[in-house]
Amino acid sequence: MVTIHRCENYQTEMIERALSEIIEDIGGFAPYIKKGETVLLKVNLVMGKGPELAATTHPAFVAALAKRLKEYGCCVIIGDSPGGPFNTAMLRRIYKITGMQQAAEESGAKLSFNTESVQLSGVAGNRLKNLTVTAMSQEADKVISVCKLKTHGMMTYTGAVKNMFGTIPGTMKAEYHVRMPKMEDFADALIDICEARRPVLSFMDAVMGMEGDGPTSGSPRKIGAVLASASPYELDMVAAGLIGLGEQQVPTLRAAAMRNLAPCAVQTKGDTPEEFTVRDFRMPEHIHTDLSQGGFLPKIGMKLLRPKVKFDLGRCVGCGDCAANCPAKVIVMKERREGEKNSRLRKPVVDYRSCIRCFCCQELCPQSAVHVKESWIFKLANKI
Ligand code: SF4
Ligand code: SF4
């Protein structure tokens with residue numbers, strides 16, 4: 001069951017009312033969490049961007065949820081392991097920029113600065129049997145996924161399930177892209193990670209979603225809803241539908257269906273999902289396509305068809321984050337040719353022969369200077 005209620009904006013009164021409605025629909029916290037337990041609100045803080053940019057879970061939503069859990073009698077911790085280096089200084093900076101510091105102050109929740117890792121062995125995953133996860137995700141009695149509805153260049157959509165990838169420490173996430181460059185394998189691994197620390201509840205901030213080049217370089221788009229469910233898969237099925245995506249278009253939902261984790265049809269409570277459907281929600285310019293799967297396209301030549309990351313060097317400030325976090329280590333920073341604007345700065349150069357098309361560089365660029373472009377042959381072939 002998924003509950004969905006209208007929430008027009010992030011004003012405290014509006015958020016608190018909508019949150020009360022979804023908490024009531026799931027039967028309160030008692031069926032999932034005992035009074036006195038410690039709960040981690042696993043928010044989506046993919047990178048240090050202000051809440052108005054809709055890349056991260058909105059602090060007003062997090063504060064309202066934390067307050068309700070505190071009133072219920074829980075010790076509440078807010079935390080995430082964003083992309084890039086995972087250290088106290090980086091967490092402090094990101095908590096401040098994303099508004100989580102204020103959310104914690106307002107609600108009486110604590111921010112987690114635990115950057116330790118924990119080994120999980122004997123994980124009963126399809127792809128993963130051993131996992132290194134953040135200690136913050138293990139030290140709480142229960143975890144709640146507090147996610148954001150966004151598009152995603154590699155996975156098409158990100159919500160409750162993909163949010164749990166943030167239980168993998170910082171740059172270690174890159175290893176998963178290297179080990180599983182195929183989208184279907186990666187989606188299956190995301191399910192393993194979600195199941196390894198299955199959230200007891202998932203809450204979604206879909207007041208403002210992100211359309212276009214999500215999860216970090218897209219544009220805010222109003223959806224006007226908040227959702228909750230005990231099942232991250234059911235929540236994602238309903239939320240993906242709000243932006244016009246069916247189960248077959250979302251790799252994590254396909255993988256969940258194969259593992260009988262998602263039902264064919266989801267029961268909903270509250271408002272009708274159709275009221276919130278945004279028919280012209282913009283998808284990423286390129287949606288990652290697994291070209292190894294049948295059809296005539298592979299015969300044309302994989303290399304010619306595969307999309308490429310393109311760097312807008314006019315926007316690039318030469319910070320080097322893309323090179324530092326490229327899982328395949330195929331980006332080098334080089335000085336631009338003499339005479340060009342900002343010629344003193346070093347700019348990224350990619351070895352496309354070894355690029356695994358994970359799009360981490362697009363996700364982590366603080367300047368939105370990385371775009372994913374389909375080849376003209378792919379565009380042409382898709383029209384045939
Ligand atoms: S492309 Fe983005 S991440 Fe890479 S160096 Fe330029 S600004 Fe930094
Ligand atoms: S260049 Fe970008 S897309 Fe290619 S492997 Fe590196 S991070 Fe991934």
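This briefing covers the overall fold, two neighbouring helices and the surroundings of two ligands. The structure is a predicted model. Its chain comprises 15 helices and 15 strands. With a radius of gyration of 20 Å, close to the 21 Å that the globule rule gives for 384 residues, the chain is as compact as a globular protein of that length.

**Overall fold**
- Taken along the principal axes, the box filled by the C-alpha atoms of the chain is roughly 60 × 45 × 45 Å.
- Buried residues make up 47% of the 384 residues of the chain.
- Among contacts in the chain with a separation of 6 or more, 76% join residues that are 24 or more positions apart.

**Helix H3 (residues 88-98)**
- The range of helix H3 is 88-98, and its buried residues are Leu91, Ile94, Tyr95 and Thr98.
- Viewed down the axis of H3, these buried residues fall within an arc of 100 degrees, so they line one face of the helix.
- Helices H2 and H4 and strand E4 are the elements against which the buried residues of H3 pack.
- Gly99 comes just after H3 and has a positive phi of about 90 degrees.

**Helix H4 (residues 100-107)**
- Helix H4 spans residues 100-107, and Met100, Ala103, Ala104 and Ser107 are buried in it.
- The buried residues of H4 also fall within an arc of 100 degrees when seen down the helix axis, and they therefore line one face of H4.
- The cover over the buried residues of H4 includes three strands, E2 (38-43), E3 (75-79) and E4 (110-111), together with helices H2 (59-72) and H3 (88-98).
- Strand E4 and helix H2 thus appear in the packing of H3 and also in the cover of H4.
- Gly108 follows H4, and its phi is positive, near 85 degrees.

**Surroundings of ligand 1**
- Ligand 1 is surrounded by 13 residues, of which Cys316, Cys319, Asp321, Cys322 and Cys365 are the closest.
- The shell of ligand 1 consists of 9 nonpolar, 3 polar and 1 charged residues.

**Surroundings of ligand 2**
- Around ligand 2 there are 14 residues, and the nearest of them are Cys326, Ala328, Cys355, Cys358 and Cys361.
- Classed by type, the shell of ligand 2 holds 13 nonpolar residues, no polar residues and 1 charged residue.

Technical notes. Residues are numbered from 1 along each chain as its sequence is written. Chains are lettered from A and ligands numbered from 1 in the order in which they are written. This is a predicted model: local features need pLDDT of at least 70, side-chain atom pairs count only at pLDDT 80 or more; totals for chains, interfaces and linings use all residues. A residue is near a molecule or strand if its C-beta atom, placed from the backbone, lies within 6 Å of it. Ala, Val, Leu, Ile, Met, Phe, Trp, Tyr, Cys and Pro count as nonpolar, Asp, Glu, Lys and Arg as charged, and the others, Gly among them, as polar. A residue is buried if 20 or more other C-beta atoms lie within 10 Å of its own, exposed if 12 or fewer, and partly exposed in between; C-beta atoms are placed from the backbone. Helices (H or I, at least four residues) and strands (E, at least two) are DSSP runs, numbered from the N terminus. The arc is that of the directions from the helix axis to the C-beta atoms. Two residues are in contact if their C-beta atoms, placed from the backbone, lie within 7 Å. The radius of gyration is taken over C-alpha atoms; the globule rule is 2.2 Å times the number of residues to the power 0.38.
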